Amino acid sequence: MRVSVIDPGSGNLASVCRALEHAAPGPITVEITREPETLIHADRIVLPGQGAFAACRAGLDALEGMVGALYEQVRVHQKPFLGICVGLQLLAERGLEHGTTPGLAWLPGEVAEMDPRAPDGSPLPLPQMGWNALDFTPGSHPLLEGLLPGDHAYFVHSYAWRGGEARDVLATTDYGGPVPAILGRGNVVGTQFHVEKSAAVGLRLLANFLRWTP
């Protein structure tokens, strides 16, 4: 199996690669790439990202031909795709961080600043940083196989998905209200949390991704 990890100029690329290699159920080649041609030979594609939406989109656009190659290999040829943190957010129609920036528009919705509130109405600190529980319906998606509601993943973010379709939300977390944690449709999935920092839960999710046949 060949997995291409796209380098948009941000993201824990080495950690993502190590986690993929560790989680793999069989022989695997994981390559970090900035070349769109490598996606042709990939069996699966991963897009990590961290920092601001606009900066990550600019980094992706700076890779000549990459956005078109992504569309061709993921949307046309239906290769399994995983977005991580801002890599998930870029699937939205737009991001509202530092102005309005178009996303890839693979899923409906936008990424906006969170406004989390405690039960007494006082604001909770941003970013949401640390371990938080996942809530989902067991058996609802192959990516969640072997995981249980209440399992914890590692989050670091101040912006979150909103305004999408309920069927695309595979799991949520709670931070002053429900926050989309995993989204997906068809052969495309993404996590708001960092799978590479989420210990056994992240490794299980990556193993599921590598086994997944959409």
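This passage describes the overall form, the sheets, one helix and two buried residues of a predicted protein model.

The secondary structure of the protein comprises 5 helices and 13 strands. Along the principal axes, the C-alpha trace spans about 55 × 40 × 30 Å. A compact globule of 214 residues would be expected to have a radius of gyration near 17 Å, and the value of 16 Å computed for the protein agrees with this. Of the 214 residues, 54% are buried. Contacts that link distant parts of the sequence are also well represented: among contacts between residues at least 6 apart in sequence, 70% join residues at least 24 apart. The surface exposed by the protein amounts to about 9,200 Å², of which carbon and sulfur atoms supply 52%.

Two open sheets can be described. One has 7 strands in the order β2-β1-β3-β4-β13-β12-β11, and its pairing is mixed. The edges of this sheet are formed by β2 and β11 (169–174); each has a single partner strand, so one side of each is left without a neighbour in the sheet. Neighbouring strands of this sheet are turned against each other by 20° on average, direction ignored. Within the sheet, strand β12 (residues 178–185) runs antiparallel to strand β13 (residues 188–191), and 4 bridges join the two. One residue pair illustrates this connection: R185 has V188 of β13 as its bridge partner.

The other open sheet contains 4 strands, arranged in the order β6-β5-β7-β10, again with mixed pairing. Here β6 (101–102) and β10 (159–162) occupy the edges, and because each has a single partner strand, one side of each lacks a neighbour in the sheet. Strand β5 (residues 94–95) pairs with β6 in the antiparallel sense over 2 bridges. The bridge partner of R94 in β6 is P102.

Helix α1 (residues 13–23) shows how burial can be distributed around a helix. Its buried residues are L13, V16, C17, A19, L20 and A23. Seen down the axis of α1, these residues fall within an arc of 165°, so they line one face of the helix. The underlying geometry is general: an α-helix has 3.6 residues a turn, so residues three or four places apart point the same way. On the other side of α1, R18 and H22 are exposed. The buried residues of α1 pack against four strands and a helix, namely β1 (2–6), β2 (29–33), β3 (44–49), β4 (81–85) and α5 (199–211). Strands β1, β2, β3 and β4 all appear in the order of the sheet of 7 strands.

Two further residues were examined individually. Q73 is found in helix α3 (residues 66–76). Its relative accessible area is 8%, and because residues under 20% are classed as buried, Q73 belongs to that class. Leaving aside neighbours within four places in sequence, Q73 is in contact with L39, I40, I45, Q78 and K79.

E97, in turn, lies in the loop between β5 and β6. With a relative accessibility of 12%, E97 likewise counts as buried. When neighbours within four places in sequence are set aside, the contacts of E97 are G51, A52, F53, A54 and Y159. E97 and A52 are 45 residues apart in sequence, yet their C-alpha atoms are 6.7 Å apart in space. Y159 falls within the range of β10 (159–162), one of the edge strands of the sheet of 4 strands.

Terms used:
Residues are numbered from 1 along each chain as its sequence is written. This is a predicted model: local features need pLDDT of at least 70, side-chain atom pairs count only at pLDDT 80 or more; totals for chains, interfaces and linings use all residues. Side-chain values use heavy atoms; hydrogens and water are left out. Buried means under 20% relative accessible area, exposed over 50%, partly exposed in between (1.4 Å probe, protein chains only). The arc is that of the directions from the helix axis to the C-beta atoms. Contact means heavy atoms within 4.5 Å. Two strands pair if DSSP finds at least two bridges between them. Axes are lines fitted to C-alpha atoms, for helices over the stretch in contact, and angles run from 0 to 180 degrees between N-to-C directions. The radius of gyration is taken over C-alpha atoms; the globule rule is 2.2 Å times the number of residues to the power 0.38. Accessible areas come from the Shrake-Rupley method with a 1.4 Å probe; for residues, only the protein chains shown count as cover.
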